[in-house]
Amino acid sequence: MAARFWLYAHEFSESGAPLVLETIAAELQAAGLGPQLRLRGWGGAHDRRHPSLTRRLRGRGLRLRVLDRDRRPPRPRRGERLLLNSLALPPPVTAAALGWCLEGRLPRLDWFAHELHPGAWLDGALRADLRLLLSSGELQLRVPSRHCLSHYRAWLEHDGAPGLAVQPHRLAEPQLLQGPLPDHRELRLQLTGQVQQGNKGQMWLLDLVEAVLARPPAADPRPLRLQCIGLEEGPAARAVQERGRRLLGEAFHWEPLLPRAQAQAAMARSNIAVSCSREETFSLAALEAMALGQILLRNRTGGWDEQLLPGVNGFDLGDPGQPVTRGQVDLLAALLDRRYWPDAALGQLAAAARDHAASFADHRYATWLLGSGGVSPC
């Protein structure tokens with residue numbers, strides 16, 4: 001029997017890390033490993049209530065099980081492979097995987113860390129084992145941006161060589177590059193992401209919009225519209241909805257959590273993507289927005305180095321977590337004024353955003369996973 005390749009997810013939701021795992025599974029299938037893949041997720045009741053991703057994965061013929069948080073992980077046979085797709089897996093699952101690697105049951109352990117602060121998820125006592133496994137190459141730990149890499153090196157008190165490296169995200173839907181570029185008769189902003197504890201910055205963006213609306217209108221203004229995509233249920237999301245309607249009336253629109261294709265279709269109605277999270281590791285939503293030809297307004301969280309070319313495909317909003325500044329208000333007000341930013345000039349930025357997104361379509365997760373020490377298809 002060919003060696004199985006286990007893929008462990010903390011959940012199968014329509015959010016960043018699980019969507020990356022969907023792309024990884026598709027690449028491994030394309031490499032001939034489909035029969036060897038075994039997907040396990042610890043999303044429990046959440047994944048049973050929201051089964052859109054699990055249905056897609058099963059529809060591809062993948063073998064998948066949804067487990068409750070207290071379920072122990074299946075024990076791999078000696079020589080099999082394992083990918084952990086988050087630091088948010090239950091701690092006993094993480095501990096078991098590291099133990100299998102240390103005892104030599106796994107030829108190597110792959111781990112894609114989508115979280116910014118390892119110390120918030122991992123016991124500091126694990127650092128010695130992690131440094132040992134990274135130094136030997138038995139652990140291949142990947143993070144999605146240079147910003148993340150600096151956090152992991154600081155927490156490990158080690159550069160992580162040779163096992164720790166940046167794995168850039170892939171643009172998994174190159175068809176997003178094929179549609180017409182958006183027009184700029186209006187300024188149609190979108191922010192995609194759940195409100196949760198306010199991390200994605202929906203209220204910060206509404207502060208910015210309110211400050212711009214308080215100014216006298218431009219001599220040759222563009223209408224301003226805003227949509228928030230992916231709002232979950234709960235009081236925080238309702239507060240965003242109510243404030244958006246008060247400020248913009250029918251020019252404010254929101255969408256609930258949607259399957260990937262539907263969320264991208266909603267995003268395509270806009271022409272500017274805002275990324276203003278307090279913390280971010282990369283932002284797949286920003287990458288997909290660039291592919292749709294959307295200009296970026298982006299702060300300096302994870303992915304800023306990789307995604308934004310200031311003044312070429314978008315604009316720098318500065319450091320995260322700060323109150324709205326006069327410079328940010330000036331920027332949005334200028335974008336609303338055709339005298340400062342004619343349609344043709346914004347069209348050039350949109351074309352540059354798409355060109356930059358196209359470079360991410362060439363990335364392959366399988367290059368990492370099936371490189372040295374990879375498995376062969378059955």
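Leaving aside residues up to four places away in sequence, Glu210 touches Arg243 and Leu247, where a contact means heavy atoms within 4.5 Å. Glu210 sits in helix α7. Helices here are DSSP runs of H or I with at least four residues, strands are runs of E with at least two, and both are numbered from the N terminus. At 40% relative accessibility, Glu210 counts as partly exposed. The scale goes like this: buried is under 20% relative accessible area, exposed is over 50%, and partly exposed is in between, using a 1.4 Å probe and protein chains only. His169 is 41 residues from Glu210 along the chain, and their C-alpha atoms are separated by 34 Å.

A quick word on what you're looking at: this is a predicted model, in which local features need pLDDT of at least 70 and side-chain atom pairs count only at pLDDT 80 or more, while totals for chains, interfaces and linings use all residues. Residues are numbered from 1 along each chain as its sequence is written, and side-chain values use heavy atoms, with hydrogens and water left out.

Helix α7 (202–213) comes up again at the second largest pocket, where α7 and α12 (326–335) each supply at least two lining residues. A pocket is an open set of points on a 1 Å grid over the protein atoms alone, where a 1.4 Å probe fits, with protein on both sides within 12 Å along at least five of seven lines; lining residues have an atom within 4 Å of a point. Which helix gives the most to this lining? That's α12, with three residues. The pocket holds about 340 Å³ of space, and its lining has 17 residues, with Pro216, Pro217, Ala218, Ala333 and Leu336 nearest the centre. The lining divides into 12 nonpolar, no polar and five charged residues.

Now for the cysteines. The whole structure has zero disulfides, a disulfide being a pair of cysteine sulfur atoms within 2.5 Å. Here are two cysteines that are in none:

| Cysteine | Nearest cysteine sulfur | Relative accessible area |
|---|---|---|
| Cys228 | Cys276, 8.9 Å | 1%, buried |
| Cys276 | Cys228, 8.9 Å | 7%, buried |

Finally, the strands. β11 (residues 272–275) and β12 pair in the parallel sense over four bridges; pairing takes at least two DSSP bridges between two strands. One of the bridge partners is Ile295 in β12, which matches up with Ile272. In a regular strand, the side chains alternate between the two faces of the sheet. For β12 (residues 295–298), both faces are covered: Ile295 and Leu297 on one side, and Leu296 and Arg298 on the other, are all buried.

Terms used
Grid points are joined across faces, edges and corners, and a volume is the space filled by probe spheres set on the points. Ala, Val, Leu, Ile, Met, Phe, Trp, Tyr, Cys and Pro count as nonpolar, Asp, Glu, Lys and Arg as charged, and the others, Gly among them, as polar.
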